[in-house]
Amino acid sequence: MPEPRKSRILCDVDFDKDGAQHGFLRLFHSSHASAYGFLPIPIVVIRNGEGPTALFVSGNHGDEYEGQVALANLVKRLTPDAIRGRVIILPTANFPAAMAGNRVSPIDNLNLNRIFPGDPDGSVTQQIAYFIASELIPRADLICDLHSGGSSLLYVPCVLTSQVPDPALYAKHMAALRAFGAPLAYVQGRAQGQGGNQTLGGYAETHGIPTLGSELGGAGCVTPAGLRIAERGVNNLLVHLGILPESARIEGEATEIFGLAGQDHFVYTPEAGVFEPLVELGDRVKAGQPAARIHFPETPWAPFVECTFLNDGFVLCKRQPGRTLRGDCLFVLGGEFKE
């Protein structure tokens, strides 16, 4: 059997060395502006002896900022003497996208969270995915990949995980979800079209590693409520793993959990036009209830088109921009959760 291929990315830090280290993943990229240059993807490792490993990731999508700020604050706050074990922090995973404030990389136009496990000989984003898949995920006992709605969506801040067929892994997912301490959570069924096992979390799950995600707000900015939930959550996951002591736990509200099973929890634009929402985030809605109207100001005499909800549920997510195209997602609903 052939040996696994080695990542081409060079890493400045030693994952097995005690102390606090910070440096870069050096992804060599020859461009017009820099013939022999590299992309400096920041990475931090904080270690104190043997123990569990937590992997925290943000900037998987470059226009999602709450997680990036939360992990930058964690880097400045966490010290080796406060922990037992190891914390690996990758705050701008898709570095080119993060620097551009864009969901996908401006270099190859790829979505990092749809191409796992990547390719060591591929494009820039494929190489990043491969390094995470081959070098970081196997080292982790728990992964938290912090997302928010980005430029086009706004979420009620929440934490999430997925329902997996392995009962032991699913129990770890649910224990971590509750430990995070967000007021709202949802358990997804990897709905068709939403990434499946080509996401970071989906790939990790196929290798038996418990993974949490989040949707911490969005609208292309830092939402204070989402940031507070993220900072409390990553702290409490470290307590949950035993990396931080129980005395470090930050108490929060009880977590209300919703389910998100399939495409009937999504509302999509049927025509290009201007989106008028008829409900707001946090509303509880019924199947058949009007969700939105699509207007055509360029043809103002044309009747608007109405969209309706296919399910009862809780409005987790709403589109932000008013101008929309056929196929854009307008709303995501949380439904009944059955553990």
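Which strands does helix α1 lie across, and at about what angle does it run to β5? Helix α1, which covers residues 66-77, lies across β3 (38-48), β4 and β5 (85-90), and its direction is at about 140 degrees to β5. Before I go on, please keep in mind that what we are looking at is a predicted model.

Let me turn to the sheet itself. Ten strands make up an open sheet with mixed pairing, and their order is β1-β2-β3-β5-β4-β6-β10-β8-β9-β11. Strands β1 and β11 (256-260) stand at the edges, and because each has a single partner strand, one side of each is left without a neighbour in the sheet. Within the sheet, strand β4 (residues 53-57) and strand β6 (residues 142-145) run parallel and are joined by four bridges, and in β6 it is C144 that serves as the bridge partner of F56. A further helix, α4 (residues 167-180), lies across β6, β8 (158-162), β9 (184-188), β10 (211-215) and β11, running at about 175 degrees to β8.

At the edge strand β1, which spans residues 10-11, we find L10. L10 is partly exposed, with a relative accessible area of 47%, and together with F24, F28 and F38 it forms a nonpolar patch on the surface, for which the accessible area adds up to about 360 Å².

Now to the charged pairs, of which the structure holds 19 as salt bridges. In one of these, R103 is paired with E64, with the closest N and O atoms 3.4 Å apart. This pair links distant parts of the chain, since R103 sits in the loop between α2 (95-100) and α3 (124-136), whereas E64 sits in the loop between β4 and α1, 39 residues apart. R103 is partly exposed at 31% relative accessible area, while E64 is buried at 2%. Another salt bridge joins D328 to R319, at 3.6 Å between the closest N and O atoms; here D328 counts as partly exposed at 22%, and R319 is buried at 10%. There is also a network of salt bridges that links R5, R8, D119 and D121.

Finally, consider the loop between α6 (224-241) and β11, where A248 lies. A248 is partly exposed, at 24% relative accessibility, and, leaving aside residues up to four places away in sequence, it touches N235 and V239. Its C-alpha is 9.0 Å from that of L238, although A248 and L238 are ten residues apart in sequence. The side chains of E246 and R249 meet in a salt bridge of 2.7 Å, N to O, with E246 exposed at 53% and R249 partly exposed at 26%.

Methods. Residues are numbered from 1 along each chain as its sequence is written. This is a predicted model: local features need pLDDT of at least 70, side-chain atom pairs count only at pLDDT 80 or more; totals for chains, interfaces and linings use all residues. Side-chain values use heavy atoms; hydrogens and water are left out. Patches are made of residues with over 30% relative accessible area and no salt bridge: like charges are joined within 9 Å, nonpolar side chains (Val, Leu, Ile, Met, Phe, Trp, Tyr) within 5 Å. Accessible areas come from the Shrake-Rupley method with a 1.4 Å probe; for residues, only the protein chains shown count as cover. A salt bridge is a side-chain nitrogen of Lys or Arg within 4 Å of a carboxyl oxygen of Asp or Glu. Helices (H or I, at least four residues) and strands (E, at least two) are DSSP runs, numbered from the N terminus. Buried means under 20% relative accessible area, exposed over 50%, partly exposed in between (1.4 Å probe, protein chains only). Two strands pair if DSSP finds at least two bridges between them. Contact means heavy atoms within 4.5 Å. Axes are lines fitted to C-alpha atoms, for helices over the stretch in contact, and angles run from 0 to 180 degrees between N-to-C directions.
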